[in-house]
Amino acid sequence: MKAATGATPLKALDAIVFDSETTGLDTKVARIVQMAAIGVSGGAIVEHDRYDSLVDPRMAIPSGSTAIHGISDSMVKDAPVFAVALGHLESYRSERPIIGYSIGFDLAIMAKEASRTGLTWRRPRSLCVRTLAAFANPNLPDHALETIATWLGVEIVGRHSAMGDARAASAIFIALLPRLADLGVRTLAEAERASLGLNEQMTSHDRAGWTRPVLEPGDHPSLAAVDPYAYRHRVGQIASAELVIIAGDQRVNRAMKLMAERKISSVLVSPEGKPGGTVQEYGIVTERDMLRLVVTHGAAALEMPIDTIATRPLISVAEESFVYRAIGRMERQQIRHLAVRNQEDRLTGIISARDLLKLRGSAAIRLDDAIEAAKNAADIAKAWAMLPGVTNRLLAEDIDPRILAGIVSEELRIVTRRAAVLAEAEMLAEGRGAPPTSYAFLVLGSGGRGESLLAADQDNAIVYQQGEPGGPEDEWFAELGERVAKTLDTAGIVYCKGGVMAKNPQWRGSLATWHRRIAHWIARSEPEDLLNVDIFFDMRAVHGSQPLAARLLDDALTAAHEHRPFAKLLGDRLGEFTPVFGMFGRLKTIEGRLDLKKHGLFPIVTLARALAIRHNIRHRRTELRLEGLIARGIGSEEQLTALLDAHRFILGLMLAQQSRDLAEGIPVSNKVAVDRLTPSQTARLKAALKLVESVPNLFRGLVTAQPR
């Protein structure tokens, strides 16, 4: 189970809802006589996930307290003492946050009990449903448990028993989730910040001698160090391209001889024994497979066809994936060899656990292959919530922000792919059938370019082989798009405000429909008519038919390149960007922040994309598009290199700000707090933005330029 981070959506939170019964209400002297908790996960109560224990307080229980909770001295005489019960509770909790009604009281009592018995107790991350209810509904007449429960329609059973009150608090927490989301409180850190903003509530806790119900969002242990190598390098850089493949009808002894000669621990098996096929054509046989075969069958095993022991399907990883993905996949699948595939799904290499062990230090990987194993939106959300902390650590390791944006993009694409896989499976299980025709699910914009940031929203589309708008095929894919969009939103990748999502008719269609749509775009005469169209040319298939997606992109780029006015129209949007400098060269900020996506990234990305279309440079990433211009002698190398540096620097500032904001419960955006930058960062940012101001003129000069 992954520990919660500030970015974990409340709907995906794994937590325990806790309550205690005590000998009294004075936190200085009261003792605990009962502790109970129930689990919540994915926005639901987990009924079998329970802890309930009486506790021997080592003192007489006052009759007035017994009258309330019903626990007498005789009932606790054989119960564990607090020190033992706390150990059991902490083992059960397993680093999960604690939620409760007036949880500050329980936390204060537990801290005092721990101190009294000489225990070291680190207070957990916590939320109080009483405080959250006050935030969600300031007009409640009071904040009693019964009042809140009545407002939310929650039934209370077993009032003043620890388990009864814990269960009531858990139901209240779940009922609060949609109301909190409507108020912009979606993550754990946002809930903490919202709670701390209720000064009257915090003051009442202080006066009562209770622990504050939440910590400041930033006051939590940070992630352990990460292994920078795993995030700097891609699988294709370290995989062995020297494949040893034998035909399936070859004998086991032939395979053993090959492995001994080549000093390798596995061979690949295919019907023809030849390279160049798709990964689905191959199986794998390892040293351990052969050893088990010989132990079972003796010498006769050596004459058996190798195909009889080949493992299929061959588990693989994309060659463009980062190394951490390969490590995570091996650990999740419990395997020691991983095939490597290219964008056409063809086998290009092999990577072994031995290869990866040479590279891994003692530092943690942190991001793994959990998304591929996710069973629902909550599982996806938990994995996605790890990104901000990892990003912050990698920035501290001075890793190129463009690499970090590539990591975020890879996670975004895999999240989208997993959402599509889950949606397909759900529709099949519900009797809606399999996909009616071959299709590809596409990620557009920054996710396709490999330049996503932590404020990512949804930009996606669907192309399918055949079918008309509004027809049965289109209806099936409309439902698929709707489900994917909902899953992504739950995971923390919010709906696109511009509507660029496959659930909407204008962002899905057959290949023929897309051809008509693209022709219509290219024929447009005004740049304002092309809003959101440009991000289509960054598209990347994440699920389904890669050849279908590749054909669509190739056709679109060819048509756009051949119609020269189109690239100019895309570039004309650069005139929309407003200056950011005021009097005396000061940056124009709003509440101390500046939107660096609007004023920094957009101009550079738009320039690179439009010029790449104009000059037929078939790359997605902004970096490669600008380097492609330099390689062709289009424009000043010095100026384009300076733009590359500005792009990298601005990405780094935005990622660092977004990571901090997510951890601190501040709504994540593309706005950077300029007043928190160092003097050198401010000076460098001003220089970068001055350069960006020249982008419109640069475009006008280069759109008609000829290669040197």
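Why is β11 largely enclosed by the rest of the structure? Here are a few friendly notes on that strand and its surroundings, bearing in mind that this is a predicted model.

1. To take the question directly: 5 of the 6 residues of β11 are buried, so the strand is largely enclosed by the rest of the structure. Buried here means under 20% relative accessible area.

2. Now for the sheet itself. It is open and has 3 strands, ordered β9-β10-β11, with mixed pairing. Its edge strands are β9, covering 316-318, and β11, covering 347-352, and each of these pairs on one side only. From one strand to the next, the twist averages 35°.

3. You may also want to look at helix α14, made of residues 323-333, which packs on the sheet and touches β9, β10 and β11. The direction of α14 makes about 135° with that of β10.

4. Next, the pairing of β10 with β11. Strand β10 spans residues 337-341 and runs antiparallel to β11, with 5 bridges joining the two. Among the bridge partners, Arg341 is matched with Leu347 of β11, while Leu338 is matched with Ile351 of β11. As background, strands of a sheet pair through backbone hydrogen bonds, in either a parallel or an antiparallel way.

5. Finally, the turn. The hairpin of β10 and β11 has 5 residues between the strands, and Asp345 in this hairpin takes a positive phi near 70°.

Key:
Residues numbered from 1 in each chain as written. Predicted model: local features only at pLDDT ≥ 70, side-chain atom pairs only at ≥ 80, totals over all residues. Heavy atoms only, no water. Pairing = 2+ DSSP bridges. Helix = DSSP H or I, 4+ residues; strand = E, 2+ residues; numbered from the N terminus. Axes fitted to C-alpha atoms, helices over the stretch in contact; angles between N-to-C directions. Contact = heavy atoms within 4.5 Å. Buried < 20%, exposed > 50% of the residue type's maximum accessible area, 1.4 Å probe, protein only.
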